[in-house]
Protein chains: 4
Amino acid sequence: MKWRKSLYDIIEVADEQNTLSKLYDWMMMIVIVVSIIPLAVRNANELTQMLDFVTVIIFIIDYILRLLTADLKLKKGKKSFAEYPFTPMAVIDLVSILPSVTLLNSSLKLLRLFRLFRTFRVFRVFKVIRYSKSINIIINVFKKQREALLVVGGLAIGYIVISALIMFNVESATFPSFFDAVYWATVSLTTVGYGDIYAVSTIGKVITMLSSVFGIAIVALPAGIVTAGYMEEINKDESL
Amino acid sequence: MKWRKSLYDIIEVADEQNTLSKLYDWMMMIVIVVSIIPLAVRNANELTQMLDFVTVIIFIIDYILRLLTADLKLKKGKKSFAEYPFTPMAVIDLVSILPSVTLLNSSLKLLRLFRLFRTFRVFRVFKVIRYSKSINIIINVFKKQREALLVVGGLAIGYIVISALIMFNVESATFPSFFDAVYWATVSLTTVGYGDIYAVSTIGKVITMLSSVFGIAIVALPAGIVTAGYMEEINKDESL
Amino acid sequence: MKWRKSLYDIIEVADEQNTLSKLYDWMMMIVIVVSIIPLAVRNANELTQMLDFVTVIIFIIDYILRLLTADLKLKKGKKSFAEYPFTPMAVIDLVSILPSVTLLNSSLKLLRLFRLFRTFRVFRVFKVIRYSKSINIIINVFKKQREALLVVGGLAIGYIVISALIMFNVESATFPSFFDAVYWATVSLTTVGYGDIYAVSTIGKVITMLSSVFGIAIVALPAGIVTAGYMEEINKDESL
Amino acid sequence: MKWRKSLYDIIEVADEQNTLSKLYDWMMMIVIVVSIIPLAVRNANELTQMLDFVTVIIFIIDYILRLLTADLKLKKGKKSFAEYPFTPMAVIDLVSILPSVTLLNSSLKLLRLFRLFRTFRVFRVFKVIRYSKSINIIINVFKKQREALLVVGGLAIGYIVISALIMFNVESATFPSFFDAVYWATVSLTTVGYGDIYAVSTIGKVITMLSSVFGIAIVALPAGIVTAGYMEEINKDESL
């Protein structure tokens, strides 16, 4: 029991005094960054396969160690070991390991699904959240203003659906599917405007103009909410 | 009289204790969302026609029920029944029903106008406003800062007209009609920039640069106004 | 002397009680808007020529009336009549009249310069500033934060020049002239991004990425300054 | 020793009373601006070579004078003369001089590297920072909010890497190299959207939409942080 407590302190507790804990955190950070490298290379070579192999082994060990100390984390006795794999972070951990495991087996029948699995492997990046502190300040702003941002998000989605619906029905030639209209509306609202799809009819252009002008308001809202939230957080810090 | 009072409580009053009222609101929310589905499909099939038929019937019943209880809403006695159909929300309700009614009749002579009517049907989406609460917070910010936002809107329109006028007269080849120049100015001001139309002459490019830089100020203004408005609303909430 | 005082009250003083003054202001507003219509039509026809003729006549009368009451405005005695034509608003007035006067003479030798003159005619739009009140609120924000906005403007220009210089020297093939590089930098900084000109080399793309990321900061600054200025103006209004 | 003190006062100390110091600052400002002109011209002609020659001579004299008074600046005795060339500003000064010196020698073997060196010459622009005051206000905002902005920068880079990784693995045809995917992600996040590279597959477009919407939050954050920082600086100024 005692070694499990020490282990738990190292891998889970963020204790500045514990040198081993800090060392473990930094090692994991580096392993995560290294584990991403093979994803950025098209043709797997010996080096990327090796990096993949080593990092996945470390991730598996990390996963097992976390599972072994699950009762110390969740404080629900033996039930913790059954519950832990379903906590959000454990699911991310598992999903980030799984595709590489299938890669290691190199089973032929999974070859086609392989590409999609590879994209899931990218989720391993989110592990960084666990090992970073300063991001918490920003997260707090988003947490406090969650409701307002959800409303704005809802407004934006509603706006995208409405303008997509109008465009889809007004300009059939430009937008072969409703999905194309939604894609156009999103790219226009966010003012990205690649230019791969755009209205050509007069009515379509009028709607484009209304949409882009209205879009500024939708963009100004989250900026305003985030600013207000951030200023509150700063003032709170200073009054303490 | 009594059943009309209960009916009014169900369809119009937002009473958290009244289970039937809440049930009605949620049912209408679902019906509105379902009613939009046929608009997102190009070729009408049996399912979309059925969805259209059912949702329109419910909208008609809803419209009649609201008309029957108009005197309880407007509190102007019998005059209310004549006035109600001209209130903004009643007009939106009617406009959202009308095109589908003509669809149900499937009159051949309206076939050409049919497409334009279909786009009007999209207005039914705005019914959501009636059945949502949290949006009111955002609406309040826009209401309070309405005047300032109107000024900015006026500035933006003035700016669009001016730069469109200059461009239209300077670069005739690129902008065949004044409408094209207005379209270009709007897409440039909002920084969407599809790239389907842009200045090619040196003078045109100079104006483009001035326009886009000036455009940032026009975009910064609504952001500032919304932020200031939102911070006021938050502070008011906290001081209560 | 008395009729000149009354005239001055009508055309210059913004007196809510003076019905004639208000009438004059509204008439001028309409005349200005009407005078722009011929600018938005490619081929001059009888109607546009008539509109041009009538509005220019009114502008000339307005200019003469203002010149006649210059001593009441500038309060410098007879010197006012010589000084008035050089005040900014008088120059705008004159510039907006001049091109149409040359048009009325239809002198053949000015035919080539005609196009450039036409664009100057657009300046007549700025006359609106004289006849609008609510815009003053926004103008105040810009006046108070003028210095900060000038610094940001200077930073933006400096940034544009620097990235244009780098691009011009690194990617000669894409940017034939330094002007093209400045145009590209401006369109990229303001996140318009038409896509008519963009870097194709690896070094060019790296600079594009640095530029666009850095550009966000340059865009965030005026937004922040305007927001801060607007909030101050609001708080001042409330404390009064 | 005395003449070195006077020299130091002229070239380094920002003393409003010292006319010679102000004159020197203004002269250097003009020389810096003039020195950039040859960079904006493709084919070197006699004028640009002359401008290059004269400005570089002045920069070399300026560099030597600063080196001679290094002990007065760093206050570390004779060690100052060895340390000074490694201070950030001295490095910028030297880097901005070096390429032109090699140009003056016109050594043939450096001809190929010449282009890259030329881009380094652009760094001379940063000398302006030394001779400008009002920029300090903006710099202060960035200094105070440095940590928050670094976190946002980190988030943005993380976001760019993640979406680039997903895109690179999902849509191989559109993104031949990982660098292309990173370029696409950056141009999309900053809402520039040239349209030279964009997703064509359905999954790719879905990720594009998520990316651009999420990108608004990433853009809203620095705007919020800068606004909050700027308002603090203003309030501090007023309470003094």
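These legends walk through several close-up views of a predicted model.

**View 1. Chain A at a glance.** Welcome to chain A, where 12 helices and zero strands are found. Following the sequence from start to end, the pattern reads α-α-α-α-α-α-α-α-α-α-α-α. Of the 240 residues in chain A, 46% are buried. Take the contacts in chain A between residues at least 6 apart in sequence: 63% of these join residues at least 24 apart.

**View 2. The buried side of helix α1 in chain D.** Helix α1 of chain D spans residues 2–11, and its buried residues are Arg4(D), Leu7(D), Tyr8(D), Ile10(D) and Ile11(D). Because these residues cover an arc of only 160° around the axis, they sit on the same side of α1(D). A handy rule helps here: an α-helix has 3.6 residues a turn, so residues three or four places apart point the same way. What do the buried residues of α1(D) pack against? Their partners, in chain D as well, are α2 (19–36), α3 (46–68), α4 (70–74) and α5 (79–83).

**View 3. Helices α1 and α2 of chain D meet.** Here is one of those partners up close: the axes of α1(D) and α2(D) come within 7 Å and cross at roughly 55°. The pair is therefore oblique. On the α1(D) side, look for Asp9(D), Ile10(D) and Ile11(D); on the α2(D) side, look for Leu20(D), Ser21(D), Tyr24(D) and Asp25(D). Sorted by class, the contact of α1(D) with α2(D) holds four nonpolar, one polar and two charged residues. Ile10(D) and Ile11(D) may be familiar from the previous view, being among the buried residues of α1(D).

**View 4. Helices α2 and α3 of chain C pack together.** Now move to chain C, where helix α2 (residues 19–36) and helix α3 (residues 46–68) pack with their axes 9 Å apart, at an angle of about 140°. α2(C) and α3(C) are therefore oblique to each other. The crossing of α2(C) past α3(C) is left-handed. From α2(C) come Tyr24(C), Met27(C), Met28(C), Val31(C), Ile32(C), Val34(C) and Ser35(C), and they meet Leu51(C), Thr55(C), Ile58(C), Phe59(C), Asp62(C), Leu65(C) and Arg66(C) of α3(C). The residues of this contact between α2(C) and α3(C) comprise 10 nonpolar, two polar and two charged.

**View 5. Thr191(B) and its contacts with other chains.** To find Thr191(B), go to the loop between α10 (178–189) and α11 (202–239) of chain B. Is Thr191(B) buried or exposed? Thr191(B) is buried, because its relative accessible area is 9% and buried means under 20%. Setting aside residues up to four places away in sequence, Thr191(B) touches Thr191(A), Thr190(C), Thr191(C), Val192(C) and Thr191(D).

**View 6. Ser212(D) between chains A and D.** Ser212(D) belongs to helix α12 (residues 202–239) of chain D. With a relative accessibility of 3%, Ser212(D) counts as buried. Which residues is Ser212(D) in contact with, leaving aside neighbours within four places in sequence? They are Thr186(A), Thr190(A) and Val192(A), together with Tyr159(D).

**View 7. Asn140(D), a partly exposed residue.** The last stop is helix α9 (residues 135–144) of chain D, home to Asn140(D). Asn140(D) is partly exposed, with a relative accessible area of 32%. From the C-alpha atom of Asn140(D) to that of Ile216(D), the separation is 26 Å, and the two residues are 76 residues apart along the chain.

Methods. Residues are numbered from 1 along each chain as its sequence is written. Chains are lettered from A and ligands numbered from 1 in the order in which they are written. This is a predicted model: local features need pLDDT of at least 70, side-chain atom pairs count only at pLDDT 80 or more; totals for chains, interfaces and linings use all residues. Side-chain values use heavy atoms; hydrogens and water are left out. Buried means under 20% relative accessible area, exposed over 50%, partly exposed in between (1.4 Å probe, protein chains only). Helices (H or I, at least four residues) and strands (E, at least two) are DSSP runs, numbered from the N terminus. The arc is that of the directions from the helix axis to the C-beta atoms. Contact means heavy atoms within 4.5 Å. Axes are lines fitted to C-alpha atoms, for helices over the stretch in contact, and angles run from 0 to 180 degrees between N-to-C directions. Angles under 35 degrees count as roughly parallel, over 145 as roughly antiparallel, 65 to 115 as roughly perpendicular and the rest as oblique. A crossing is left-handed if the near helix is turned anticlockwise from the far one by less than a right angle, and right-handed if clockwise. Ala, Val, Leu, Ile, Met, Phe, Trp, Tyr, Cys and Pro count as nonpolar, Asp, Glu, Lys and Arg as charged, and the others, Gly among them, as polar.
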